[in-house]
Amino acid sequence: MSEVILKNVGKIYPNKVEAVRDVSLTIEDKEFVVFVGPSGCGKSTLLRCIAGLEEVTSGEIIIERRVVNDIHPKDRDIAMVFQNYALYPHMNVYDNISFGLKTRGYSKDEIHERVMDAVRILGIEEYLKSKPRELSGGQRQRVAIGRAIVRHPKVFLFDEPLSNLDAKMRVSMRSEISKLHKTLGVTMIYVTHDQTEAMTMGDRIVVIDRGEIRQVADPHTLYFKPENLFTASFIGSPQMNVFPGKIKNKSFQGDYFTISFKNNIPDVESAVIGVRPEDISLTEGTFKLKGEVDLAESLGDVTFLHVKLEKQLVIIKTTLEKRFSIGEEISFFPNADKMHLFGSEDGKRIEF
Ligand code: ADP
């Protein structure tokens with residue numbers, strides 16, 4: 001059972017930066033968990049603490065029922081893949097992949113078998129004699145993954161492994177790593193700042209903000225039921241629109257619209273309604289708003305319209321095949337059934 005348990009983990013760097021605060025989380029055996037959050041939120045620090053590359057300041061890290069706080073990284077049964085590949089430039093692919101096994105004293109036959117297995121899984125058999133500089137970014141990253149695979153670790157840790165690749169290669173490596181997870185059937189923890197990567201890869205996603213977990217959920221729940229305003233705004237591109245207002249007498253009273261709720265909701269001095277760009281229609285909806293087109297970004301099949309609504313911009317995602325001109329006045333219709341309500345003070349979701 002390669003389960004990873006984090007118990008009240010905290011990390012304060014010597015410069016007093018509190019990078020991780022009271023993180024508790026259980027990562028199940030064979031699960032693919034993604035840590036996602038904006039740059040500087042502490043996700044790499046947390047991963048490095050699991051790897052043993054950073055010491056935790058408080059709390060416990062348990063890998064396979066063993067507290068590993070005081071266990072050296074190489075004895076933790078984990079393998080880590082980094083963004084910069086960290087390959088030895090003077091060694092060929094075979095030697096790069098086998099290096100870790102040689103230093104651990106495996107027999108030549110065992111090493112050969114493991115390396116050949118790994119390169120077959122990764123489809124890089126033909127590059128065994130190549131040096132890293134002769135390979136593309138994607139191939140180098142495969143070699144780095146190969147080096148992790150041959151160790152037969154209990155847990156794979158990935159730290160932004162695709163950030164140095166071009167957009168197309170990122171997409172294809174994304175699905176390769178997902179497939180690899182299925183083939184190997186091991187626990188993987190993957191760090192990224194890219195919410196699309198997180199949403200497409202993770203069985204469960206851990207949303208981190210300023211060193212703390214904001215929500216842990218599967219991609220569908222995160223998108224459709226964000227527990228707080230941070231998650232709601234971070235997940236989804238373009239971002240969810242937010243309209244400020246207050247809750248009074250069972251209704252949301254905003255600057256531009258009022259919505260009455262059926263359920264009894266306590267008054268809240270400051271609240272926001274969130275509506276995703278695709279939940280605002282140009283043809284029909286719960287109520288009508290009017291604004292001026294500020295920008296129209298057409299991707300062919302969809303258009304992202306930025307509409308000026310007095311003090312704020314509203315982003316609308318539409319599949320309507322129409323040319324929009326800047327400055328044009330348009331009507332748009334938010335769908336009240338798809339709205340999210342949050343308190344502004346604590347950012348927490350309010351069910352209605
Ligand atoms: P992320 O991976 O989410 O971008 P990091 O874990 O790298 O975030 O960093 C979290 C915070 O800790 C940041 O404020 C960063 O500046 C700080 N930090 C990271 N590494 C160190 C370090 N070695 N020493 C001091 N502060 C650090």
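**Entry 1: β1 and its sheet**

I started with strand β1, residues 4–12, and looked up its pairing with β2: the two run antiparallel and share six bridges. I am working on a predicted model here. For one register point I noted V9, whose bridge partner in β2 is V23.

Next I traced the whole sheet. Four strands make it up, in the order β2-β1-β4-β5, with antiparallel pairing, and the sheet is open. Its edges are β2 (18–27) and β5 (66–67), each with pairing on one side only. Helix α1, residues 43–51, packs on this sheet and touches β1, β2 and β4 (58–63). I also noted the angle between the directions of α1 and β1, about 120°.

**Entry 2: V4**

Is V4 buried or exposed? I found V4 buried, because its relative accessible area is 0% and the cut-off for buried is under 20%. V4 sits in strand β1. Leaving out residues up to four places away in sequence, I listed its contacts as L25, T26, I27, I50, I62, I63, V155 and I189. L25, T26 and I27 fall within the range of β2 (18–27), and I50 belongs to α1. I also checked V4 against E197: they are 193 residues apart in sequence, and their C-alpha atoms are 22 Å apart in space.

**Entry 3: two positive phi values**

I kept the background in mind: most residues other than glycine have a negative phi. R65 has a positive phi, near 65°, and is not a glycine. I located R65 in the loop between β4 and β5. R65 is exposed, since its relative accessible area is 68% and exposed means over 50%.

A86 is another non-glycine residue with a positive phi, about 50°. I placed A86 in the loop between β6 (78–81) and α2 (93–103). With a relative accessibility of 37%, A86 counts as partly exposed.

**Entry 4: helix α5**

How far apart are the end C-alpha atoms of α5? They are 26 Å apart, and at 1.5 Å a residue the 18 residues of this helix (167–184) should span 26 Å, so the two values agree.

Then I looked at which residues of α5 are buried: M173, R174, I177, S178, L180 and H181. They lie on the same side of α5, because they cover an arc of only 155° around the axis. On the face turned away from that buried side I found the exposed residues K168, K179, K182 and T183.

What do the buried residues of α5 pack against? My list has the strands β3 (32–36), β7 (155–159) and β8 (187–192), along with the helices α3 (108–122), α4 (137–149) and α6 (195–201). Just after α5, I noted that G185 takes a positive phi of about 60°.

**Entry 5: Q215**

I found Q215 in strand β10, residues 212–217. Q215 is buried, with a relative accessible area of 2%. I looked at where its side chain goes. It reaches the backbone nitrogen of E227 at 2.7 Å, and the side chain of Q215 also reaches the backbone oxygen of K225 at 3.4 Å. Both K225 and E227 appear among the contacts of Q215. Others in that list, not counting residues up to four places away in sequence, include I205, V206, V207, T221, L222 and P226.

**Entry 6: a cis peptide bond**

Most peptide bonds are trans. The bond joining S237 and P238 is cis, and I noted its omega as about -5°. I located P238 in the loop between α8 (229–234) and β11 (241–248).

**Entry 7: the five-stranded sheet**

I finished with a second open sheet, of five strands in the order β15-β19-β16-β17-β18, and its pairing is antiparallel. Its edge strands are β15 (280–281) and β18 (312–318), and each pairs on one side only.

Which strand pairs with β15? I found β19, residues 329–334, paired with β15 in the antiparallel sense over two bridges. There, I280 has P334 in β19 as its bridge partner. β19 also pairs with β16, residues 289–298, over four bridges and again antiparallel. For a register point in that pair I noted L289, which stands opposite F332 in β19.

Definitions and conventions
Residues numbered from 1 in each chain as written. Predicted model: local features only at pLDDT ≥ 70, side-chain atom pairs only at ≥ 80, totals over all residues. Heavy atoms only, no water. Pairing = 2+ DSSP bridges. Expected span 1.5 Å × (residues − 1). Buried < 20%, exposed > 50% of the residue type's maximum accessible area, 1.4 Å probe, protein only. Arc of directions from axis to C-beta. Contact = heavy atoms within 4.5 Å. Axes fitted to C-alpha atoms, helices over the stretch in contact; angles between N-to-C directions. Polar contact = N/O pair within 3.5 Å; in protein donor to acceptor, adjacent residues only side chain to side chain.
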